[in-house]
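This briefing covers one protein chain. It goes from a single pairing to the overall fold, then to one residue and one strand.

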Amino acid sequence: VQLQASGGGLVQAGGSLRLSCAASGRTLSSYSVAWFRRAPGKERTFVAAISWSDDKTYYADSLKGRFTISRDNARTTVYLQMNSLEPGDTAIYYCAADQKEPERYPWYDSWGQGTQVTVSS
């Protein structure tokens, strides 16, 4: 499945952004979807995921309470709501999808192109 990530931008510390991940020409109803991020000079890390089967959500421990992953009712788009953003959240954010239960490792078949999030202090 081809994924399109969008919604990134420049925001001040304490602000919010909502990222979107949509599939081209199909729904994501049978896909678990995850968000990963790669900060400058660092490896890609897990952010959040949502299960295809029961919409159970998973988060990186350090991001719980600030980030929320969800799907729309039509199951065409997965969102990542990011609140209380910090400069340390600056990264390229990628969505990924696969037809299996979510994993915290980047073992997903499909990846979006990434969207840049920059948080200024």
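Which residue stands opposite Q116 in strand 11? The residue opposite Q116 is I92. The model is predicted: local features need pLDDT of at least 70, side-chain atom pairs count only at pLDDT 80 or more, and totals for chains, interfaces and linings use all residues. Residues are numbered from 1 along each chain as its sequence is written, and side-chain values use heavy atoms, with hydrogens and water left out.

**Overall fold**
- The protein chain has zero helices and eleven strands, where helices (H or I, at least four residues) and strands (E, at least two) are DSSP runs numbered from the N terminus.
- The radius of gyration of the protein chain is 13 Å, which agrees with the value near 14 Å for a compact globule of 121 residues; the radius is taken over C-alpha atoms, and the globule rule is 2.2 Å times the number of residues to the power 0.38.
- The C-alpha trace spans about 40 × 25 × 25 Å along its principal axes.
- Of the contacts (heavy atoms within 4.5 Å) between residues at least 6 apart in sequence, 57% join residues at least 24 apart.

**Surface and charge**
- Buried residues account for 46% of the 121 residues; buried means under 20% relative accessible area, exposed over 50%, and partly exposed in between, with a 1.4 Å probe and protein chains only.
- About 6,100 Å² of the protein chain is exposed, with 46% of that area supplied by carbon and sulfur atoms; the areas come from the Shrake-Rupley method with a 1.4 Å probe.

**V33**
- V33 lies in strand 4 (residues 32-38).
- V33 counts as buried because its relative accessibility is 0%.
- Not counting residues up to four places away in sequence, V33 touches C21, L28, A48, A49, I50, I69, R71, V78, A96 and A97.
- S110 is 77 residues from V33 along the chain, and the C-alpha atoms of the two are separated by 9.4 Å.

**Strand 11**
- In strand 11 (residues 115-120), T115, V117 and V119 point to one face and are buried, while Q116, T118 and S120 point to the other face and are not buried.
- In a regular strand the side chains alternate between the two faces of the sheet.
- Strand 2 (residues 9-12) pairs with strand 11 in the parallel sense over four bridges; two strands pair if DSSP finds at least two bridges between them.
- T118 in strand 11 is the bridge partner of L10.
- Strand 9 (residues 91-98) pairs with strand 11 in the antiparallel sense over three bridges.
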